[in-house]
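Okay, thanks for making time, everyone. I'll put the structure up and we'll walk through how the helices sit against each other.

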Amino acid sequence: MAEENKNILINTCSFAGIRPTMLELPYPPIQAERKNMAYANLLSVDYCGPVSELSAITQYICNENRLSCEECPLAKTLLGIAMAEMMHLQKLGELICLLGGKVDFVAKGQNGKSRMWTPEYLAIPEQAQRMLVADMESEKAAIKQYRMHISMMNDRHVNAVLERIIQDEEYHIMLLKILMEKL
């Protein structure tokens with residue numbers, strides 16, 4: 001029996017105790033001035049569009065899984081960032097529902113076109129350095145999109161949540177740059 005155990009592969013990277021990697025700042029309350037389907041639709045793009053929290057989570061988890069056997073510290077950081085993105089997704093989902101929208105993994109476009117989320121939105125390079133570059137580019141695109149959506153919405157409560165999310169995304173870019181320097 002002991003002879004059989006020699007060939008067992010084990011990932012020794014332990015993810016116990018990993019917490020969301022985000023700023024230690026509170027989020028504003030999840031509230032809105034009134035129901036507004038146009039705002040809910042904008043947030044649906046942040047929720048599950050090509051540049052979205054759902055895309056970020058999936059990309060980070062994929063990269064973390066592929067790096068966990070060889071680059072454990074890097075994988076742990078990516079998992080922590082993915083967990084923060086999950087919190088962003090949850091907050092966006094609450095806002096969408098509060099505004100009268102529906103959370104259904106369909107991004108509702110301004111032009112009336114709707115698109116269901118797809119993994120085709122992801123950048124999945126093979127090398128760790130390219131993964132980090134793709135993750136940084138995704139974070140930058142998310143910040144740009146959030147700022148554009150803030151400029152389109154006249155609801156200080158919703159915009160405050162988006163501004164807080166942007167702070168985490170900027171923090172993620174800083175961490176990813178540090179990780180790049182260590183590779």
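So, look at where α4 meets α5: Leu 74, Leu 78, Ile 81, Glu 85 and Leu 92 on the α4 side touch Ala 128, Leu 132, Asp 135, Glu 139 and Tyr 146 on the α5 side. Keep in mind that this is a predicted model. The two axes are 13 Å apart and the packing angle is about 20°. Angles under 35 degrees count as roughly parallel, so α4 and α5 go down as roughly parallel. Their crossing is left-handed.

Let's stay on α4 for a moment. How far apart should the ends of its 27 residues be, at 1.5 Å a residue? The expected span is 39 Å, and the end C-alpha atoms are indeed 39 Å apart, so the two agree. After α4 comes Gly 100, with a positive phi near 100°.

Gly 100 isn't the end of that story, because a non-glycine residue also turns up with a positive phi: Phe 105, near 65°. For background, most residues other than glycine have a negative phi. Phe 105 is in the loop between α4 and β1, which is 106–108. Is Phe 105 buried, exposed or partly exposed? With a relative accessible area of 37%, Phe 105 comes out as partly exposed.

Now the other neighbours of α4. Take α3: its axis is 8 Å from that of α4, and they pack at about 160°. Over 145 degrees is the cut-off for roughly antiparallel, so that's what α3 and α4 are. This crossing is left-handed. The list of contacts is a long read, so I'll pick a few: on α3 they include Glu 53, Ile 57, Tyr 60 and Leu 67, and on α4 they include Cys 72, Leu 78, Glu 85 and Leu 92.

Tyr 60 is one to click on. You'll find Tyr 60 in helix α3, and at 2% relative accessibility it counts as buried. What does Tyr 60 touch, if we skip residues up to four places away in sequence? Leu 78, Ile 81, Ala 82, Glu 85, Asp 135, Glu 139 and Leu 176. If you want a distance to check on screen, go from Tyr 60 to Glu 126: they're 66 residues apart in sequence, and C-alpha to C-alpha they're 13 Å apart.

Next, α2. The axes of α2 and α4 come within 9 Å and cross at roughly 160°. So α2 is roughly antiparallel to α4. The contact is made by Ala 40, Leu 43, Ser 44, Asp 46 and Tyr 47 from α2, with Leu 89, Leu 92, Gly 93, Leu 95 and Ile 96 from α4. And the crossing here is left-handed.

α2 itself has twelve residues and reaches 16 Å from its first C-alpha to its last, close to the 16 Å expected. Nine of those twelve residues are buried, so α2 is mostly covered. Among the buried ones are Tyr 39, Leu 42, Val 45 and Cys 48. What does the covering? The cover includes α3, α4, β1, α5 and α6.

Ser 44 is a good example of that. Ser 44 lies in α2 and is buried, with a relative accessible area of just 3%. Leaving out neighbours within four places in sequence, Ser 44 is in contact with Gly 49, Ile 96, Val 106, Ala 107 and Lys 108.

Last topic, the core. The largest nonpolar core has 32 residues, and those touching the most other members are Leu 43, Leu 92, Tyr 146, Met 153, Leu 162 and Ile 165. Which helices supply at least two residues each? That would be α2, α3, α4, α5 and α6. The largest share, seven residues, comes from α2.

Pick Ile 165 out of that set. Beyond its neighbours within four places in sequence, Ile 165 is in contact with Tyr 27, Glu 53, His 88, Leu 92 and Tyr 146. There's also a second, separate core, this one of 15 residues, which includes Ala 75, Leu 78, Ile 81 and Leu 176. Leu 78, Ile 81 and Leu 176 should ring a bell, as they're among the contacts of Tyr 60.

That's it from me.

Technical notes
Residues numbered from 1 in each chain as written. Predicted model: local features only at pLDDT ≥ 70, side-chain atom pairs only at ≥ 80, totals over all residues. Heavy atoms only, no water. Core = buried A, V, L, I, M, F, W, Y, C linked by side-chain atoms within 4.5 Å. Buried < 20%, exposed > 50% of the residue type's maximum accessible area, 1.4 Å probe, protein only. Helix = DSSP H or I, 4+ residues; strand = E, 2+ residues; numbered from the N terminus. Contact = heavy atoms within 4.5 Å. Expected span 1.5 Å × (residues − 1). Axes fitted to C-alpha atoms, helices over the stretch in contact; angles between N-to-C directions. Parallel < 35°, antiparallel > 145°, perpendicular 65-115°, else oblique. Left-handed = near helix turned anticlockwise from the far one by under 90°.
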